[in-house]
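Open the model in your viewer and keep the sequence panel beside it. This tour goes stop by stop: select, look, move on.

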Amino acid sequence: MIGLVVVAIVGALSFAGINYYGVKRLPAGNALMQEIAGAIQEGSDAFVRHEYKIIGCIAVIIAALLMVVVSWYTGAAFLLGAVMSGSAGWIGMKIATIANVRVSNRALETSDIGQTLKVAFRGGSVMGLCVGGFALLGLAIVYLVFGELLGQVRPENLIVVDNWLGINFIPFTMTVSGYALGCSVIAMFDRVGGGIYTKAADMGADLVGKTEAHIPEDDPRNPATIADNVGDNVGDVAGLGADLLESYVGALISCVVLASYLFYIAPEGKAISAGLVRVLLYFPLVFAGIGVLCSMLGIGYLLGKNVSNNPHRELNSSVFAAAGLTVILTGVYCHFSFRAFPAAELKNMGFALGALSPWLAALLGIVSGILIGQLAEYYTSYNFGPTQRVSAASREGTALNITEGMATGMKSVFIPLIVLALAVIGAHALAGLYGVAMAAVGMLSFVVSTVSVDTYGPIADNAGGISEMSKLPAAVREITDELDSVGNTTAAIGKGFAIGSAALASLSLFASFLYSQVSPENVQGFKLELNIINPLILSGALIGAALPYLFSGILIEAVAKAARKMVQEVRRQFQENPGILTGETRPDYRLCIEISSAGALREMKLPALISVLTPILSGFIFGPDFVGGLLIGTTLSAIMLALYTANAGGAWDNAKKYIEHGHHGGKGSDAHSAAVIGDTVGDPLKDTVGPSLDILIKIMAVISLITVSIFQRYNLFDWLFR
């Protein structure tokens with residue numbers, strides 16, 4: 001079965017390479033189109049290079065600390081995770097800046113929305129294939145080098161050991177946790193930095209260009225328009241890829257950690273055999289490999305067929321084809337993996353329905369992910385009532401547009417959480433805590449397809465900007481606008497998947513955090529429980545629940561600071577050079593790019609450090625009970641806030657687009673001006689806060705998992721009071 005994983009890795013990265021160069025060979029249009037695309041590419045490259053230099057320095061420091069305090073292999077795995085995540089984000093950003101102009105040119109050459117969709121999706125598939133390929137490549141290296149060559153996956157080595165500081169851990173669980181942390185740190189900086197960049201530019205362009213100067217979106221007279229297009233690539237492509245790669249890896253490693261500790265602490269009479277634990281350790285890796293192969297077929301299906309003029313249906317057909325194949329083939333794999341083990345032994349593992357229990361739990365994750373995605377579409381697409389009501393409220397002014405959008409976002413939280421709760425209950429009933437982790441794996445099993453569809457959106461958005469700035473015929477912009485509109489809906493669905501998977505993965509990692517407190521002295525008496533009326537745990541939960549609000553406030557303020565400078569710069573250029581608005585003079589795009597870059601790089605550090613340092617400092621001051629409460633509060637609060645911000649922002653965005661399609665007075669009306677401001681309010685919520693909250697709960701869970709064995713032994717509270 002490991003051969004299947006290798007085939008999936010080689011196939012995904014090879015397919016990504018084929019699509020990369022296939023898109024690159026397409027004609028890039030006239031000289032003006034290439035000049036604009038070159039400016040976007042140059043700005044994106046410059047920002048990501050500078051960002052990665054900062055991240056690289058921080059990653060080396062963290063790796064060195066892990067090597068000294070925990071183990072050398074934890075630090076090495078951390079660096080491997082950082083390289084895999086960074087590579088996926090970099091390649092995805094590169095292809096997005098190559099594909100955008102070629103999408104515009106294909107629309108110009110063919111006037112066919114189906115053919116144009118293929119180019120955008122082919123570019124997006126490179127990001128999706130790199131996410132699956134690099135995530136599995138890094139994990140395969142971890143399994144082969146640390147697991148097999150160093151023997152960490154051998155059952156006799158799945159025991160708690162002490163390092164030179166007397167810190168207890170199971171070596172392989174610490175190795176895979178280090179790998180996940182590397183992915184998480186890159187994702188945090190990519191999402192936060194990219195999110196601040198893109199929304200500062202977007203808000204600056206809209207507030208002055210649309211509402212004050214009354215010029216169209218992506219008008220070449222707007223000095224912020226190139227920065228806005230750069231932001232789509234660094235935030236919605238590089239940031240998105242790193243985000244979902246990190247979710248993917250977090251779900252997979254939670255299965256590994258749980259299986260290892262369940263094997264180690266199993267009481268007499270409920271022992272798990274060496275053969276079963278080995279299957280449990282490799283099962284999620286192979287499961288993910290099957291999902292990657294099925295996603296490749298789904299991508300190939302769309303690229304190889306005659307595409308209709310209904311892009312939404314075509315994209316859904318690709319995703320559902322991948323999901324359907326994944327369900328069938330993983331069911332077969334699960335049956336053959338566990339059928340040889342006695343029913344009693346599977347019961348000891350918590351498998352209520354025998355050999356198919358893990359697959360059924362994963363199936364619950366897949367179904368719940370699809371449901372959450374569909375609910376996100378319902379609340380954010382202008383084809384449905386909630387967003388149409390936000391749009392209609394714009395006729396009465398900005399205040400009612402914002403009020404209706406807030407109400408829509410708040411109401412959108414409840415039903416997805418019911419779906420998540422039922423998925424957790426069902427998965428646990430089917431296969432215990434391992435089943436909950438497998439539900440997260442199932443939800444992300446076809447992540448290659450979902451990321452491909454998500455990445456297609458910003459490529460189409462950029463293509464629309466290039467079409468507008470190049471003054472291409474109106475028919476070209478109509479095609480790119482239609483693709484962009486579908487991209488907004490698919491992005492909302494993708495955010496739903498990201499939030500749902502983050503919730504399930506974080507719950508699994510939280511259980512792993514509790515298990516990680518076991519030591520050779522308390523293995524027989526160890527209980528997986530947390531007493532919520534313990535003052536330390538309750539206090540931690542209260543502070544944890546408040547943390548996402550502090551984190552979100554800092555992010556919104558960071559966007560506002562950078563956007564304020566952007567607004568001032570755009571106004572300055574319009575006032576000092578009236579020829580810009582008449583089209584006689586070219587605006588200075590470079591200054592706006594520099595403002596967004598400087599603002600993002602400066603402001604991303606504090607929220608990223610909060611996410612990394614909060615569980616560590618809390619642990620060393622108050623100990624593991626407080627951190628357990630902190631994780632509970634942060635996870636519950638962040639899930640709700642992430643759903644609210646993503647769906648409210650999506651509703652405001654598409655309410656504006658609904659008006660731009662000719663409803664309620666159309667472009668230039670008072671309703672449109674109100675909707676533009678509402679969309680601007682929603683921009684930092686849906687594209688900066690929401691995605692960053694997903695990463696916040698996962699990175700805190702992974703850091704707590706790695707460091708709990710340290711602050712369990714060394715913390716100020718125990719030293720003073722116990």
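Start at Gly275. It is partly exposed, with a relative accessible area of 36%; the classes are buried under 20%, exposed over 50% and partly exposed in between, using a 1.4 Å probe and protein chains only. Gly275 sits in helix 7, residues 274-304. Helices here are DSSP runs of H or I with at least four residues, strands are runs of E with at least two, and both are numbered from the N terminus. Now add Arg154 to the selection. The two residues are 121 apart along the chain, and their C-alpha atoms are separated by 9.9 Å.

A word on ground rules. This is a predicted model, numbered from 1 along each chain as its sequence is written. Local features need pLDDT of at least 70, side-chain atom pairs count only at pLDDT 80 or more, totals for chains, interfaces and linings use all residues, and side-chain values use heavy atoms, with hydrogens and water left out.

**Zoom out: the whole chain**

Show the full chain as a cartoon. It holds 22 helices and two strands. Along its principal axes, the C-alpha trace spans about 80 × 60 × 45 Å. The radius of gyration is 25 Å, which agrees with the value near 27 Å for a compact globule of 722 residues. That radius is taken over C-alpha atoms, and the globule rule is 2.2 Å times the number of residues to the power 0.38.

Switch to a surface. The chain exposes about 23900 Å², and carbon and sulfur atoms supply 65% of it. These areas come from the Shrake-Rupley method with a 1.4 Å probe; for residues, only the protein chains shown count as cover. Buried residues make up 66% of the 722.

Next, contacts, meaning heavy atoms within 4.5 Å. Take those with a separation of 6 or more: residues 24 or more positions apart account for 85% of them.

Colour by charge. There are 43 positive and 52 negative charges, and their mean positions are 3 Å apart. Lys and Arg count as positive, Asp and Glu as negative; His and the chain ends are not counted. Each charge is placed at NZ of Lys, CZ of Arg, CG of Asp or CD of Glu.

Colour by pLDDT, the predictor's confidence in each residue from 0 to 100. The chain mean is 87, and 98% of residues reach 70 or more. Where is confidence lowest, and where is it highest? The low end is helix 15 (residues 474-515), at a mean of 78. The high end is helix 12 (residues 398-411), at 94.

**Helix 15 and the loop before it**

Select Ser508, in helix 15. It is buried, with a relative accessible area of 2%. Beyond residues up to four places away in sequence, Ser508 touches Ser254, Leu258, Val436 and Ala437.

Step back to Lys471. This residue lies in the loop between helix 14 (447-469) and helix 15. Lys471 counts as exposed, at 68% relative accessibility. Check its backbone: phi is near 55°, a positive value in a residue other than glycine. Most residues other than glycine have a negative phi.

**Helix 20 and the loop after it**

Jump to Gly649, in helix 20 (residues 624-660). Is Gly649 buried or exposed? It is buried, at 0% relative accessible area. Setting aside neighbours within four places in sequence, Gly649 contacts Gly682 and Lys686. For a distance check, pick Leu514: it is 135 residues from Gly649 in sequence and 35 Å away, C-alpha to C-alpha.

Move on to His664, in the loop between helix 20 and helix 21 (670-711). His664 also has a positive phi, about 55°, although it is not a glycine. At 26% relative accessibility, His664 counts as partly exposed.

**Two last stops**

Select Val413, in the loop between helix 12 and helix 13 (414-443). At 11% relative accessibility, Val413 counts as buried. Which residues does Val413 contact, leaving aside those within four places in sequence? They are Met640, Leu643 and Tyr644. Ala63 is 350 residues away along the chain, with 38 Å between its C-alpha and that of Val413.

Finish at Ala77, in helix 3 (residues 72-110). Ala77 is buried, with a relative accessible area of 0%. Outside its neighbours within four places in sequence, Ala77 is in contact with Thr175, Gly178 and Tyr179. Draw one more distance, to Thr408: the C-alpha atoms of Ala77 and Thr408 are separated by 43 Å, with their positions 331 residues apart along the chain.
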